[in-house]
Amino acid sequence: MRIPIPEDKKFVHESIIPIRWGDMDAFGHVNNAVYFRYIEQARINWLDSLGLSFSKKDQGVVVVNAFCNFTKQIEYPADLLVKTYITNPTRVGLDTFNVMSLTTDPDTIYATSGATIVWVDFKAQKAASWPADIKAQLEL
């Protein structure tokens, strides 16, 4: 099952992530599980770029689902270009999407991915409204 990336989305960040030798599996291409590390790193790079503190002890961002569509194999050495988009903002969360290509081949899509993130009150163990400062940065 391939999950499509929505047409109506907002570009928010671009990351360049180097492929490491150890990212490859016995078949000589990047292991499918490693893509989720790339997705995570791109998301953290975006959140860090906002200049916000997402390491609050009582509240923070939680991923509630994630997917990846593998289109073309990636091999070492390479630098991955990950473009991050957001859509479907709600009072407590939003959907993030990524389009992955290589810096040397930016027009070819190697993978697409997505995740839903939610702001959570860890003490109450439930979703909470985005704090005003974060909501303003996300332009929700």
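This passage describes the fold, surface and charge pairing of a predicted model.

The chain contains two helices and six strands. From the N terminus, the elements follow the order β-α-β-β-β-β-β-α. The C-alpha atoms occupy a box of roughly 45 × 30 × 30 Å along the principal axes. The radius of gyration is 16 Å, which agrees with the value near 14 Å for a compact globule of 140 residues.

Of the 140 residues in the chain, 44% are buried. Among contacts with a separation of 6 or more, 69% join residues 24 or more positions apart. The exposed area of the chain is about 8,000 Å². Carbon and sulfur atoms supply 52% of that area.

The chain carries 14 positive and 16 negative side chains. The centres of the two sets are 8 Å apart. Side chains of opposite charge can pair when their charged atoms come close. Two salt bridges are found in the structure.

One salt bridge links the side chains of R20 and D23, with an N to O distance of 2.8 Å. D23 is buried, because its relative accessibility of 2% falls under 20%. R20 is exposed, with a relative accessible area of 53%.

Another salt bridge joins R37 and E40, whose closest N and O atoms are 3.2 Å apart. Both residues belong to helix α1, which spans residues 32-49. R37 and E40 are three residues apart, about one turn of the helix. R37 counts as exposed at 56% relative accessibility. E40 counts as partly exposed at 34%.

Conventions. Residues are numbered from 1 along each chain as its sequence is written. This is a predicted model: local features need pLDDT of at least 70, side-chain atom pairs count only at pLDDT 80 or more; totals for chains, interfaces and linings use all residues. Side-chain values use heavy atoms; hydrogens and water are left out. Helices (H or I, at least four residues) and strands (E, at least two) are DSSP runs, numbered from the N terminus. The radius of gyration is taken over C-alpha atoms; the globule rule is 2.2 Å times the number of residues to the power 0.38. Buried means under 20% relative accessible area, exposed over 50%, partly exposed in between (1.4 Å probe, protein chains only). Contact means heavy atoms within 4.5 Å. Accessible areas come from the Shrake-Rupley method with a 1.4 Å probe; for residues, only the protein chains shown count as cover. Lys and Arg count as positive and Asp and Glu as negative; His and the chain ends are not counted. The place of a charge is taken as NZ of Lys, CZ of Arg, CG of Asp or CD of Glu. A salt bridge is a side-chain nitrogen of Lys or Arg within 4 Å of a carboxyl oxygen of Asp or Glu.
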